[in-house]
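Biologist: Could you take me on a close look at one part of this model, the parallel sheet and the helices around it? I would also be glad to hear how the rest of the chain compares in its details.

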Amino acid sequence: MHSVQQEVDERSNLTGTNKFELLLFRLGGDATGERNELFGINVFKIREIVAMPAITAVAGSQPHMLGVVNLRGQIIQVLDLPAICGCKPKTGLNIMLVTEFARTTQAFAVESVEDIVRLDWRQVLSAESTAVGGMVTSIARLDGDNGPRLAQVLDVETILRSMNPTDRPDIDPETIGPSLKLRPGTMILAADDSVVARSLIEKGLEAMGAPFIMTKSGKEAWDKLGQIAAAAEAEGKTVHDKIALVLTDLEMPEMDGFTLTRNIKQTSRYAALPVVIHSSLSGTTNEEHVKTVGADAYVAKFMAEELAATIRQVLAK
C-alpha cells in the first residue's frame, strides 16, 4: 500500500519539475501494414485501460465512432483511433483507453499498449503538420537502451472535436459579456499548443475585444515575455505597461504551463503579472498544483463565458 501511495505522490509531483508521464500505444501500420509507429497520450488524461468490451453500435453515428459501452453504469462513446489516424491494426482493436479531459469522458480503441514513460517536457517538440492530418500536437523523444525512439503525441482535443461536430457557435457574443477593459497599450499573452484550442481562444479574446499575442508553447511565451519586457524597458517602461495578463495551457512541449507560471511568479520583474491557467486537465490534484505555482486562477476548457468571467475577475483584483 505504501509503494502505491508513493507512486501516486510521485506522479502528482511531476508537475513541479517540468515532467510528465506518457502512455505509449500502437494503432497499427499504414495501408500496406508497414510503419507501426508509437503514439502517446498524457497519463493525466487516462482514467483506465481495459480489454476491449462488447460495443453497441449507434444508428446514424459519426464515421469512426464504433458505438458505446456501458462501463459500470456509465455510457461512454468509443472512437476508432486507428481509423481516425489513418492506421490499420494487424491484430485488431484489442484495448480501450478511457479518457477524461475537457469536461468529457470518452474511450479510444487502440491495437496495443506498450508502456508508460516519464519524460521532461524539453524532450517534446512541437509538430503540428504530420501524416495523420494535423492531429499530432508534438513529437516526444524517448531515450532507451536500444537507442532513441520517437512517439507522436496526439491532440485528443482536436480529435474529439472533429468526431463530435456541433451546430452551436463556438462563441456567442450575446453571452460572453461586455468588452474587457484593459489598460491602454496592454494586451494578453496566451500560450497553447493545440490548434483547436488556439482557434477557440483567439475567437473568445476577439469577442471580448481584447488585443492579444498567441504563442504555441510555454517556452515560446516565456521568450516572448522577455522580448516584450526588454522592449518596454528600452522605452523607459515596464512589462506591466505592455502585458495585462498571461493565459496559459498546462500541457505544452518544451515548457509546460506550471513551469511557465512558476518562472513568471519567481522573477521579480514579472511577479505581479496575473496568470490564468486554462487547461483540459481537471480535478482537485491539478487545481492544487495551480495554487502551488502561484497562478491567479484556473479555468477548465472550453467555455468561452467562463473564460471571460475568470479573466474579468482576475483583472479586477
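Modeller: Happy to; what follows goes from the parallel sheet to its helices, then to an aromatic pair, and then to the other sheet.

Please keep in mind that this is a predicted model.

Let us begin with the sheet itself. It is an open sheet of 5 strands, arranged in the order 13-12-14-15-16, and the pairing is parallel. Which strands stand at the edges? They are strand 13 (212-215) and strand 16 (297-300); each has a single partner strand, so one side of each is left without a neighbour in the sheet. On average, neighbouring strands here are turned by 20° against each other, direction ignored. For one pairing in detail, take strand 12 (residues 187-191) and strand 14 (residues 243-248), which are joined in the parallel sense over 5 bridges. Within that pairing, Leu189 has Val246 of strand 14 as its bridge partner.

Now for the helix on this sheet. Helix 5 packs on it, touching strand 12, strand 13 and strand 14, and the direction of the helix makes about 140° with that of strand 13. Helix 5 also has a helical companion: the axes of helix 5 and helix 6 come within 9 Å and cross at roughly 25°. Angles under 35 degrees count as roughly parallel, which makes helix 5 roughly parallel to helix 6. As for handedness, helix 5 passes helix 6 in a right-handed crossing. If you would like to select the residues involved, Gly218, Ala221, Trp222 and Leu225 from helix 5 meet Leu260, Asn263 and Ile264 from helix 6.

Trp222 deserves a second look, and that brings us to the aromatic rings. A pair of aromatic rings is described by the distance of the centres and the angle of the planes. The count for this model comes to 3 aromatic pairs. One of them is stacked: the ring centres of Phe25 and Phe39 are 6.4 Å apart and the planes are at 20°, so the pair falls in that class. Phe25 belongs to strand 1 (residues 19-26) and Phe39 to strand 2 (residues 38-42), so to speak of the partners as linking distant parts of the chain fits their separation of 14 residues. Phe25 is buried, at 0% relative accessibility, and Phe39 counts as buried too, at 1%.

The pair with Trp222 has another geometry. Its partner is Tyr270; the ring centres lie 5.4 Å apart with the planes at 80°, so this pair is edge-to-face. Here, too, distant parts of the chain are linked: Trp222 sits in helix 5 (residues 218-234), Tyr270 in the loop between helix 6 (257-265) and strand 15 (275-279), and 48 residues separate them. How exposed or buried is each partner? Trp222 is partly exposed at 23% relative accessibility, whereas Tyr270 is buried, with a relative accessible area of 2%.

One more residue belongs to this neighbourhood. Glu254 is in the loop between strand 14 and helix 6. Although it is not a glycine, Glu254 has a positive phi of about 75°. At 27% relative accessibility, Glu254 counts as partly exposed.

For the rest of the chain, turn to the mixed sheet. This open sheet has 5 strands in the order 3-6-7-5-4, with mixed pairing. Its edges are strand 3 (46-51) and strand 4 (65-71), each with a single partner strand, so one side of each is left without a neighbour in the sheet. The twist averages 30° from one strand to the next. Strand 4 and strand 5 (residues 74-80) run antiparallel and are joined by 6 bridges, with Val68 opposite Gln77 in strand 5. Helix 3 (residues 156-163) packs on this sheet, touching strand 5, strand 6 (95-101) and strand 7 (104-110), and its direction makes about 95° with that of strand 7.

Two residues round off the mixed sheet. Thr99 has its place in strand 6 and is buried at 1% relative accessibility. Beyond its neighbours within four places in sequence, Thr99 is in contact with Lys45, Ile46, Arg47, Thr104, Thr105, Gln106 and Phe108. His64 lies in the loop between strand 3 and strand 4; it has a positive phi of about 75° although it is not a glycine, and it is partly exposed at 36% relative accessibility.

How values were computed:
Residues are numbered from 1 along each chain as its sequence is written. This is a predicted model: local features need pLDDT of at least 70, side-chain atom pairs count only at pLDDT 80 or more; totals for chains, interfaces and linings use all residues. Side-chain values use heavy atoms; hydrogens and water are left out. Rings of Phe, Tyr and Trp (its six-membered ring) pair if their centres lie within 6.5 Å; planes under 30 degrees apart count as stacked, over 60 as edge-to-face and the rest as tilted. Helices (H or I, at least four residues) and strands (E, at least two) are DSSP runs, numbered from the N terminus. Buried means under 20% relative accessible area, exposed over 50%, partly exposed in between (1.4 Å probe, protein chains only). Two strands pair if DSSP finds at least two bridges between them. Axes are lines fitted to C-alpha atoms, for helices over the stretch in contact, and angles run from 0 to 180 degrees between N-to-C directions. Contact means heavy atoms within 4.5 Å. Angles under 35 degrees count as roughly parallel, over 145 as roughly antiparallel, 65 to 115 as roughly perpendicular and the rest as oblique. A crossing is left-handed if the near helix is turned anticlockwise from the far one by less than a right angle, and right-handed if clockwise.
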